[in-house]
Amino acid sequence: MEKMIIKGGNRLSGRVRVSGAKNAALPALSATLLTDEECIFSGFPPVADIATMGKTLRELGSEVESAGEYIRVKPGNSENFIAPYRLVKTMRASVLVLGPLLAKRGRAKVSLPGGCAIGARPIDMHLDGFQAMGAELKIRHGYVEGQARELRGTRVKFKRSTVTGTENVLMAACLARGETILENAALEPEVTDLANLLIQMGARIEGAGTDKIRINGVDKLSGARYRIIPDRIEAGTLLIAGAMCGGEVQVEGLIFDHQKALVEKLQAAGVKVEHDYDWIRVTRAGKVKAVDFETEPFPGFPTDLQAQMMALLSTAEGTSTIMENIFENRFMHVSELDRMGADIRVEGKRAMVQGVEHLSGAPVMASDLRASASLILAGLSAEGETEVSRIYHLDRGYERLDLKLAQLGADIRRVKD
Ligand code: EPU
């Protein structure tokens with residue numbers, strides 16, 4: 001296992017480029033199961049979760065080759081329809097193969113992902129969607145087993161906003177007979193990016209990016225060459241790092257419109273923000289001020305940046321209140337931040353962050369992907385040395401965050417535990 005050693009206190013400044021979005025790449029890989037033709041993607045971040053999805057596709061008979069930011073997927077003519085526990089348990093987004101398998105192969109047997117560190121995360125809304133389209137589903141021995149001779153278009157109304165739920169049902173609907181209407185569909189840019197890929201593959205989709213998506217099923221989809229969108233969460237993490245330790249940090253290659261909720265909160269905290277449509281520059285102008293925020297589906301403040309923003313606010317002037325509305329257990333980083341001298345109290349889904357003068361370096365343990373990023377940011381601004389262990393969580397979704405931060409002037413190194 002590896003850990004990160006950070007000597008805090010360095011000013012960060014300079015320019016850094018954002019990688020492609022992990023959460024757009026994962027559904028894009030699943031979508032290749034809907035076609036018999038080759039798909040070539042660019043902009044893919046070489047992170048562990050993408051490798052796991054690659055393994056799942058190989059298990060399902062696809063050829064998968066990657067080189068740097070490129071990945072080529074050629075579905076074989078395998079009739080395999082099983083995504084085993086051994087793969088799904090390491091990454092719950094593997095359930096994204098369920099919709100494409102039901103639609104294209106008429107059968108699917110996909111391990112139930114189970115809970116994870118940040119919450120129970122059931123997939124009932126995915127399953128309700130497939131059932132409404134005529135799939136027969138059973139849960140047996142920890143697996144969802146489904147079959148559908150033909151999926152039928154229908155109206156699916158999600159009872160709350162779900163990102164991968166919308167993506168899964170959207171993919172299945174592309175090959176269903178007739179029209180499917182998704183209501184209360186997720187508005188996240190990753191959903192829109194998947195719809196754009198599917199449209200390039202020949203799907204008939206209207207309304208992606210709104211809460212009502214209309215899909216007219218087609219008989220088959222073709223291959224595609226597609227570049228996925230930049231990672232708004234990685235971009236946000238780097239911007240928060242800049243706000244904590246700047247200097248002037250410019251993050252390039254992002255889409256400004258995807259970052260608006262964060263920018264608004266950074267400005268309210270007194271951080272100077274300049275931007276164009278594809279870059280944002282943050283400059284720390286004096287002490288950061290407390291701000292309140294709550295996590296919400298897009299275009300609200302993303303839950304995937306809550307932990308990083310909390311690290312920033314832990315040394316702000318005043319008390320910030322943070323409400324985590326998406327996941328019921330996404331405050332695992334709090335006790336670790338408190339070990340570094342933060343003063344944070346959690347009551348249910350609310351965290352009260354009383355800003356302290358400074359954090360002090362300590363050995364801490366990452367509990368999930370975004371919590372690892374939060375602890376690294378805390379370490380960058382703390383006095384003395386911080387050791388973050390279990391950084392395999394970080395490597396699931398960030399492309400060498402340590403190197404990008406070092407490029408901006410951070411004293412951070414990765415060592416074997
Ligand atoms: N939910 C249900 N039933 C369902 C589906 C979801 O109750 O059938 C609940 C969840 O438990 C949660 C809420 O609905 O409380 C929203 O969950 P959503 O389905 O939107 O989350 P997800 O699709 O499982 C994706 C991202 C997450 C990100 C969330 C929220 C991917 C692969 N994952 O998860 O990313 O936090 O949307 O934006 O796209 C991360 O990258 O660190 C990460 C966790």
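**Stop 1: the ligand shell.** Select the ligand and the 22 residues around it; a residue belongs here if one of its heavy atoms lies within 4 Å. Asp124, Thr162, Thr164, Asp304 and Ile326 come nearest. This is a predicted model: local features need pLDDT of at least 70, side-chain atom pairs count only at pLDDT 80 or more, and totals for chains, interfaces and linings use all residues. Numbering starts from 1 along each chain as its sequence is written, and side-chain values use heavy atoms, with hydrogens and water left out.

Colour the shell by class. Nine residues are nonpolar, six polar and seven charged. Here Ala, Val, Leu, Ile, Met, Phe, Trp, Tyr, Cys and Pro count as nonpolar; Asp, Glu, Lys and Arg count as charged; the others, Gly among them, count as polar.

Now show the helices. H1 (residues 22-31), H5 (124-132), H6 (163-173) and H12 (369-381) each supply at least two shell residues. H5 gives the most, with three. Helices (H or I, at least four residues) and strands (E, at least two) are DSSP runs, numbered from the N terminus.

**Stop 2: polar contacts.** Look for pairs of N or O atoms within 3.5 Å.

- Isoleucine 326: a polar backbone atom sits 2.6 Å from a ligand oxygen.
- Arginine 121: a side-chain N or O atom is 3.0 Å from a ligand oxygen.
- Asparagine 23: a polar side-chain atom lies 3.1 Å from a ligand oxygen.

The ligand alone exposes 830 Å², and the protein buries 89% of that. Areas come from the Shrake-Rupley method with a 1.4 Å probe.

**Stop 3: H1 against H2.** Select H1 and helix H2 (residues 48-59). Their axes, lines fitted to C-alpha atoms over the stretch in contact, are 10 Å apart at an angle of about 5°. Angles run from 0 to 180 degrees between N-to-C directions. The pair is therefore roughly parallel, a label for angles under 35 degrees.

Show side chains. Lys22, Ala25, Leu26, Leu29 and Ser30 of H1 meet Asp49, Ile50, Met53 and Leu57 of H2; contact means heavy atoms within 4.5 Å. By class, that contact has six nonpolar, one polar and two charged residues.

**Stop 4: backbone details.** Go to glycine 246 and glycine 247. A cis peptide bond joins them, with omega about 10°. Glycine 247 lies in strand E15 (residues 246-252).

Next, phenylalanine 298 to proline 299: this peptide bond is cis, omega near 10°. Proline 299 is in the loop between strand E18 (293-294) and helix H10 (306-313).

Finish at asparagine 184. Its phi is positive, about 55°, although it is not a glycine. Asparagine 184 lies in the loop between strand E11 (179-183) and helix H7 (189-200).

Methods:
Parallel < 35°, antiparallel > 145°, perpendicular 65-115°, else oblique. Polar contact = N/O pair within 3.5 Å; in protein donor to acceptor, adjacent residues only side chain to side chain.
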